[in-house]
Amino acid sequence: MSKSVILVVDDDALVRVHSNLALEDAGYEVVEASNAADALVKLEERPDIGALFTDVRMPGDLNGIDLANAVHAQRPDIAILVTSGTDNGKMALPAAAQFIRKPYTGAQLSKLLRR
């Protein structure tokens, strides 16, 4: 059985490493991107990506919310999980997307992705 593939997008390399370790421990194959533009390229290259985990604040033209909406529009089959250190009350996320506030644990991340 092949592993589920998840795209992790965060401009902070340390946060990406933390997320990757937690997700790999939970049995996922992780693909990394440091910004939204890079993430969209990875999505084109890897049609097997089944989930997106992105931070909201990133450098570049698109933030994590823009990325979540773009991914949902192109690939509505992809599970979307968005994170930020601030409250998500005013975010315009796709209806199917979930939010997890920083700091989070690997267990919390795994639980949300299994849903």
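**From one leucine outward**

Start at leucine 67. Beyond its neighbours within four places in sequence, leucine 67 is in contact with Val9, Ala36, Ala39, Leu40, Leu52, Thr54 and Met58. The model is predicted. Keep that in mind while following the contacts.

Leucine 67 belongs to the largest nonpolar core, which has 22 residues. Seven members touch the most other members: Leu7, Val9, Leu52, Leu67, Val71, Ile78 and Ile80. Which elements give two or more residues to this core? They are β1, β2, α2, β3, α3 (64–74) and β4. Helix α3 supplies the largest share, 4 residues. Another core lies apart from this one. This second core has 13 residues, among them Ile6, Val30, Ala51 and Tyr104.

Now turn to the sheet. It is open and has 5 strands, in the order β2-β1-β3-β4-β5. The pairing is parallel. The edge strands are β2 (29–33) and β5 (98–101), and each pairs on one side only. From one strand to the next, the twist averages 20°.

Look at β1 in detail. Strand β1 (residues 5–9) is joined to β3 (residues 49–55) by 5 bridges, and the two run parallel. Another 5 bridges join β1 to β2, again with the strands running parallel. Valine 8 shows both pairings. It stands opposite phenylalanine 53 in β3 and opposite glutamate 32 in β2.

How many of the residues of β1 are buried? The count is 5 of 5, and the strand is mostly covered. In a regular strand, side chains alternate between the two faces of the sheet. In β1, Val5, Leu7 and Val9 lie on one side, Ile6 and Val8 on the other, and all are buried. Both faces of β1 are therefore covered. The two cores can be traced from here: Leu7 and Val9 are in the largest core, while Ile6 is in the core of 13 residues.

Helices lie against the sheet. Helix α1 (residues 13–25) lies across β1, β2 and β3. Its direction is at about 165° to β2. Helix α4 (residues 106–114) also packs on the sheet, touching β1, β3, β4 (79–84) and β5. The direction of α4 makes about 175° with that of β5.

Next come the aromatic rings. A pair of aromatic rings is described by the distance of the centres and the angle of the planes. The structure holds 1 such pair. The partners are phenylalanine 53 and tyrosine 104, with ring centres 5.5 Å apart. Why is the pair edge-to-face? The planes stand at 80°, and over 60 degrees counts as edge-to-face. This pair links distant parts of the chain. Phenylalanine 53 sits in strand β3, tyrosine 104 in the loop between β5 and α4, and 51 residues separate them. Are these two residues buried or exposed? Phenylalanine 53 is buried, at 2% relative accessible area. Tyrosine 104 also counts as buried, at 9%.

Charged contacts complete the tour. Side chains of opposite charge can pair when their charged atoms come close. The whole structure contains 7 salt bridges. One of them joins lysine 102 to aspartate 10, at 3.6 Å from N to O. Lysine 102 lies in the loop between β5 and α4, and aspartate 10 in the loop between β1 and α1, so the bridge ties together parts 92 residues apart in sequence. Aspartate 10 counts as buried at 4% relative accessibility, whereas lysine 102 counts as partly exposed at 24%. A network of salt bridges links Asp10, Asp55 and Lys102.

Other salt bridges span short stretches of sequence. Lysine 42 meets aspartate 38 at 3.4 Å, N to O. The two are 4 residues apart in helix α2 (residues 36–45), so about one helical turn separates them. Aspartate 38 is partly exposed, with 24% relative accessible area. Arginine 46 meets aspartate 48 at 2.8 Å, N to O. Arginine 46 is partly exposed at 23%, and aspartate 48 is partly exposed at 39%.

Notes
Residues are numbered from 1 along each chain as its sequence is written. This is a predicted model: local features need pLDDT of at least 70, side-chain atom pairs count only at pLDDT 80 or more; totals for chains, interfaces and linings use all residues. Side-chain values use heavy atoms; hydrogens and water are left out. Two strands pair if DSSP finds at least two bridges between them. Axes are lines fitted to C-alpha atoms, for helices over the stretch in contact, and angles run from 0 to 180 degrees between N-to-C directions. Contact means heavy atoms within 4.5 Å. Rings of Phe, Tyr and Trp (its six-membered ring) pair if their centres lie within 6.5 Å; planes under 30 degrees apart count as stacked, over 60 as edge-to-face and the rest as tilted. Buried means under 20% relative accessible area, exposed over 50%, partly exposed in between (1.4 Å probe, protein chains only). A salt bridge is a side-chain nitrogen of Lys or Arg within 4 Å of a carboxyl oxygen of Asp or Glu. A nonpolar core is a set of buried Ala, Val, Leu, Ile, Met, Phe, Trp, Tyr and Cys residues joined through side-chain atoms within 4.5 Å.
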